[in-house]
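Here are some questions to work through with the structure open beside you. Take your time with each one before reading on.

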Amino acid sequence: MVNKNSHVPIYIQIEEELKQRIYLGEYEVGSPIPSERDLSNSFEVSRMTVRQAITNLVSSGMLYREKGRGTYVSTPKLEQPLNGLTSFTEDMRARGLTPSSRIIKFEQILPSFDVAKDLLLEDGEEVYFMVRIRNADDQPMAIERTYIPVKTLPGLDVKKLNGSLYKIVEEEYQQKIGNAIQQMEASLVAKEDSKYLQMDVSAVVLIIKRISFLSDGQPFELVRSAYRADRYKFISEIQR
């Protein structure tokens, strides 16, 4: 399994072998992998070499450590393409997962200056403010804070918002969605959000800010989301 005469470092060979075992289901999601001692004996290498391979897999998210217990196989991250405008509900269903939402706040408010600026609102124009926990197969994936101009979707009912907002816009309000501008950055999870996302306060999240527009250029949604970085990754195709 390990070629000590190869130009490929031994720890990388071990890393690739462990990946293969995970892909083939020899090490199942949520189950522990063998200890460093057992793996070092199996590969006939030092524990330090095995530890480097495992550390790389932990860093990539394929494995996770539990202090005093061992190292376990992580749930595979969901991939979100960046080359299309889709809703969370559409994304999850496309992956064969069951999406659901839990609304923890819905109110009509006067927006802050920066929200009003992003949504091109005049003084005194109100927005719906909604906070939702987005789940896939009943597991929390993200928390979203959404601002929607009242004038754009008048009479919006909280009971309608358990599914896709985009579906409501297109089917109930007969509006055509055009494009969106999205920003992304990594951050430590906010203490307020950690309990909803079932994360440690030292964990990392992906912060997404998206402004979505109707086909006529009118913004209809500003959403600020925190996605679990251990469950989600974004991919894009780049062409020259």
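Q: Which residue in β9 is the bridge partner of T146?
A: This is a predicted model, so let us begin with how its strands pair. Strands β6 and β9 run antiparallel and are joined by 6 bridges. In β9, the residue that partners T146 is V223.

Q: How much confidence does the predictor give the protein, and where is that confidence lowest?
A: The mean pLDDT of the protein is 86, and 88% of its residues reach 70 or more. Where pLDDT is low, the predicted coordinates should not be read in detail. Confidence is highest in α5, at 94, and lowest, at a mean of 56, in strand β3 (residues 78-81).

Q: In what order do the 6 strands of the open sheet lie?
A: The pairing in this open sheet is antiparallel. Strands β4 (99-109) and β7 (177-188) stand at the edges with a single partner strand each, so one side of each has no neighbour in the sheet. Neighbouring strands are turned by 15° against each other on average, direction ignored. The order is β4-β5-β6-β9-β8-β7.

Q: Which helix packs on the sheet, and what angle does its direction make with that of β9?
A: The helix touches β5, β6, β7, β8 and β9. It is α6 (residues 165-172), and its direction makes an angle with that of β9 of about 160°.

Q: Over how many bridges do β4 and β5 pair?
A: One place to look is P99, which stands opposite A136 in β5. The two strands, β4 and β5, pair in the antiparallel sense, and the number of bridges is 10.

Q: Which residue in the turn between β8 and β9 has a positive phi?
A: Strands β8 and β9 pair in the antiparallel sense over 9 bridges, and V205 has R228 in β9 as its bridge partner. The two strands form a hairpin with 4 residues between them. In that turn, the residue with a positive phi, about 90°, is G217.

Q: How many of the residues of β9 are buried?
A: Strand β9 is mostly covered. Of its 10 residues, the number buried is 9.

Q: Which element gives the most residues to the largest nonpolar core?
A: The largest nonpolar core has 19 residues, and L119, I143, Y147, L197, M199, V205 and L222 have the most contacts inside it. The elements that give two or more residues are α5 (113-118), β5 (127-136), β6 (139-149), β8 (204-214) and β9 (219-228). With 4 residues, the element that gives the most is β5.

Q: Which elements do the buried residues of α1 pack against?
A: Helix α1 (residues 10-23) has 14 residues and reaches 20 Å from its first C-alpha to its last, close to the 20 Å expected. Its buried residues are Q13, I14, E15, L18, K19, R21 and I22. An α-helix has 3.6 residues a turn, so residues three or four places apart point the same way. The partners of the buried residues in α1 are α2 (36-43), α3 (47-60), β1 (63-66) and β2 (70-73).

Q: Is S40 buried or exposed?
A: The place of S40 is in helix α2. Not counting residues up to four places away in sequence, S40 touches V45, S46, R47 and V50. Its relative accessible area is 6%, and a value under 20% counts as buried, so S40 is buried.

How values were computed:
Residues numbered from 1 in each chain as written. Predicted model: local features only at pLDDT ≥ 70, side-chain atom pairs only at ≥ 80, totals over all residues. Heavy atoms only, no water. Expected span 1.5 Å × (residues − 1). Buried < 20%, exposed > 50% of the residue type's maximum accessible area, 1.4 Å probe, protein only. Contact = heavy atoms within 4.5 Å. Core = buried A, V, L, I, M, F, W, Y, C linked by side-chain atoms within 4.5 Å. Pairing = 2+ DSSP bridges. Axes fitted to C-alpha atoms, helices over the stretch in contact; angles between N-to-C directions. pLDDT = per-residue confidence, 0-100.
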